[in-house]
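Here are a few friendly notes to read alongside the model. Take the points in order, with the structure open beside you.

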Amino acid sequence: MSQEITVGVGAGAAHLGVDRVVDLGPLHPSAHGAYRLRLTVRGDPGNPEVVSAQPLVGHLHRGAEKLFEVRDYRQVLTLANRHDWLAAFGNEMTVALAVERMNGMEVPPRAQWLRVLLCELNRVLAHLVFLAPLTRSPDGRPTEGTAAAQRGRETVQAVMEEASGGRIHFMANRIGGLREDVPAGWTGRVADALSTVDKLMGAVRAATVADDGFVARHAGIGVLDRAAALALGVTGPAGRASGVDVDLRRDDPLPPYRDLPVSPVVRAEGDTLARVRCLVDEVEQSLRLAAECLDRLPAGPVNVRLPKAVKAPEGSVYVWTEAPLGIAGVHLVSRAEKTPWRLKLRTPSFNNVQALSALLPGTRVADLPVVLGSFAVVVGDIDK
């Protein structure tokens, strides 16, 4: 016997039918916005299993692409960081790269290295946001790993805020580089922050992938195989956990990445545990990459002189970067005006969330919080 139920994910609760509620908890990563899952379940009413799943999106439509078309390129950058609020710096940088490429601008080396450094700090911040709730005990109590993940996130956020003046929406990029150079002494404070987070990651790892109970609860469930990941365009840690060996920091790198030892974290299992392992390993790798950026950071200017009105020549360009959750792309079409004629976004969460239809069948309803917690998406990035 099959029964169709709708699980509403948002405000920390999932509604099964009209009279049953499964609370996913206010700190569950799926509470980063509102989307729904329409599930067909079968089996023992006390322990039902998902037969099919359909993600229903559109509840948090941001209208970003249309807003871009009525703003000049400087104004576009102030909006570009808002659809994925956990990858704000990378979002605005990708749009800036598109305009710079169309204009043939040469960004100063210091700005290029600072951009990569801030991208890696942003990646650490984003991954720790999703790892924090995963470190909780099965009954929801915080552990030492939870406190470590939260402290690590705040440590990184503090140095990013100092560099940009913004806590969430950094607005640090501009066409041709960065708005301004980092404050005096900032690089030393970043080095201290990296050291602090590196030490904290021991507790995060101990609470997750090094804990036998955690491994037993997460292994073998929510499996997304490589073929399905490729067919659905799943990228980032979720794709690499399923064996999709794609990382633009290695495969189509910005100039500084060519001099950095980027080695994508790839696993073949495709299950919930593999996705968590990729998040943990990528945080540790980003810490190392950020430390190397500090060692190689050159002196010099961080931007170029711009005309009063910034325009892109007539034509089109596609630019992509490796955002924390996967490939972020910008297709810019210009008619040589101050505003883009079309600015189309390729956001990782939009593709990745479709994979729930492939990985949830066969999952027990009781395991949904665990599986969804491992599959990081930001809903503003879906409903762009």
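1. Start at the boundary of the two domains: between domain 1 and domain 2 the count is 0 salt bridges (a side-chain nitrogen of Lys or Arg within 4 Å of a carboxyl oxygen of Asp or Glu). Across that interface the rule does find 4 residue pairs in polar contact, both at pLDDT 80 or more. A polar contact is a pair of N or O atoms within 3.5 Å; within protein, one must be able to donate a hydrogen and the other to accept it, and residues adjacent in sequence count only if both atoms are side-chain atoms.

2. A word on the source: this is a predicted model, where local features need pLDDT of at least 70, side-chain atom pairs count only at pLDDT 80 or more, and totals for chains, interfaces and linings use all residues. Residues are numbered from 1 along each chain as its sequence is written, and side-chain values use heavy atoms, leaving out hydrogens and water.

3. Where are the domains? Domain 1 covers 2–56 and domain 2 covers 64–383, with bounds from an automatic or database domain assignment. Their C-alpha centres lie 28 Å apart.

4. How much do they touch? In domain 1, 20 residues are in contact (heavy atoms within 4.5 Å) with 24 residues of domain 2. About 1900 Å² is buried between domain 1 and domain 2, and carbon and sulfur atoms give 72% of that area. Buried area here is the accessible area (1.4 Å probe) that two parts lose on being put together, summed over both.

5. Which elements of domain 1 give two or more residues to the side that touches domain 2? They are strand 4 (35–42) and strand 5 (49–56); strands are DSSP runs (E, at least two residues), numbered from the N terminus. Strand 5 gives the most, with 6 residues.

Technical notes. Helices (H or I, at least four residues) and strands (E, at least two) are DSSP runs, numbered from the N terminus.
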